[in-house]
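Here are my notes on this one, jotted down as I went through it. Have the structure open while you read.

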Amino acid sequence: MTTTPTTAPGTRPVRPRRSNLAVPGSSQKMIDKARTLPVDQVFLDLEDACAPLAKPDARKTIVASLNEGGWGDRIRVVRVNDWTTHWTYRDVVEVVEGAGANLDALMLPKVQSAEQVVALDLLLTQIETTMGYEVGRIGIEAQIENARGLIAVDAIAKASPRVETIIFGPADFMASINMKSLVVGEQPPGYDVGDAYHHILMSILMAARANDKQAVDGPYLAIKDVDGFRRVAGRSAALGFDGKWVLHPGQIDAANEVFNPRQEDYDHAENILDAYGWFTSAAGGARGAAMLGDEMIDEASRKMALVIAGKGRAGGMTRTDVWTPPES
Ligand code: GLV
Ligand code: MG
């Protein structure tokens with residue numbers, strides 16, 4: 001008799017997730033359109049963008065659409081319903097049995113505890129084993145959408161090696177804490193509460209970074225207000241988030257741009273890496289601290305530069321300015 005692992009093994013590939021497109025799983029038209037859009041990730045939704053009566057058919061539409069292919073490099077995710085509903089197990093069983101080979105991750109909304117992640121991990125392991133899939137390949141994206149989830153976010157991030165991302169769900173979160181606003185991601189109008197989101201975003205980011213996960217910001221509902229999207233996305237990008245949801249094609253370019261470094265920062269980061277590599281080598285004098293133009297660089301500069309260069313490379317950026325060692 002073989003024993004089923006309680007959690008899946010392995011390290012996970014880190015893929016760019018600057019733009020994460022939400023697509024109702026009940027809309028074949030929007031699913032077909034999603035295959036043509038320049039996003040890093042698509043998630044087909046069985047939860048809040050899918051009416052209760054439409055969920056059974058949407059499961060079938062999603063399975064067929066994943067198996068049909070045409071998704072290119074996009075990360076293929078399905079958002080199932082949360083564990084407090086009666087839909088979750090059927091979502092998981094139907095989608096993973098039907099299309100597990102063509103699925104990269106499941107998104108679990110309204111996660112409140114590490115146990116809820118473990119429950120999904122165990123169910124996935126059973127289905128993968130039964131179906132002869134590689135055990136542990138399918139990832140989990142955990143959405144933090146209420147006070148309980150935020151308080152448990154570190155335990156949630158480390159609950160399973162399948163967890164790839166921690167996602168902020170601002171709409172549900174605002175409702176759950178009774179925030180006085182209907183403008184998702186912005187200040188409650190007429191109140192000065194500083195940055196209402198700073199604590200939430202930083203708590204998610206700390207849990208993600210402490211556990212080597214990606215941090216993703218949720219939706220901006222005013223889909224025509226691209227400046228507003230840029231402002232809110234800019235805040236999470238500046239903190240260090242890896243990407244944000246997009247609800248409409250008009251938000252995609254802004255997301256891909258905002259979560260890439262600026263061109264000058266990318267060039268500068270690559271130059272720091274090259275220059276520091278040279279200065280620390282025998283040819284460059286084996287120095288641990290050196291001047292790059294007017295700037296002193298050392299090992300900590302290299303670490304900062306690695307982050308920016310890594311994001312730029314993952315986003316397909318190319319250098320427009322290349323440092324060369326001084327003539328000796
Ligand atoms: C997304 O699911 C949200 O609630 O904002
Ligand atoms: Mg939500």
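1. Start with R79: one of its polar side-chain atoms sits 3.0 Å from an oxygen atom of ligand 1. Bear in mind that this is a predicted model. Q143 also brings a polar side-chain atom to an oxygen atom of ligand 1, at 2.9 Å. With P170 the backbone does the job: a polar backbone atom there is 3.1 Å from an oxygen atom of ligand 1.

2. How much of ligand 1 does the protein cover? On its own, ligand 1 has 190 Å² of accessible area, and the protein covers 94% of that. The residues around it are R79, Q143, E145, G169, P170, A171, D172, P219 and W245.

3. Now the metal. E145 (OE) and D172 (OD) are the protein donors of the magnesium ion (ligand 2), lying 2.0 to 2.1 Å from it. The two come from distant parts of the chain, 27 residues apart: E145 belongs to the loop between β5 (139-144) and α5 (147-151), while D172 is in helix α7 (residues 170-176). Both donors also turn up among the residues around ligand 1.

4. Are those two donors buried or exposed? E145 counts as buried because its relative accessibility is 3%, under the 20% cut-off. D172, at 23% relative accessibility, counts as partly exposed.

5. Zooming out, the domain assignment splits the chain into domain 1 (19-259) and domain 2 (263-314). Taken over C-alpha atoms, the centres of domain 1 and domain 2 are 35 Å apart.

Note on methods:
Residues numbered from 1 in each chain as written. Chains lettered and ligands numbered in written order. Predicted model: local features only at pLDDT ≥ 70, side-chain atom pairs only at ≥ 80, totals over all residues. Heavy atoms only, no water. Domains from an automatic or database assignment. Donors = N, O, S within 2.8 Å, 3.2 Å for Na, K, Ca; no water. Helix = DSSP H or I, 4+ residues; strand = E, 2+ residues; numbered from the N terminus. Buried < 20%, exposed > 50% of the residue type's maximum accessible area, 1.4 Å probe, protein only. Near = heavy atom within 4 Å. Polar contact = N/O pair within 3.5 Å; in protein donor to acceptor, adjacent residues only side chain to side chain. Areas by Shrake-Rupley, 256 points an atom, 1.4 Å probe, with all protein chains shown as cover.
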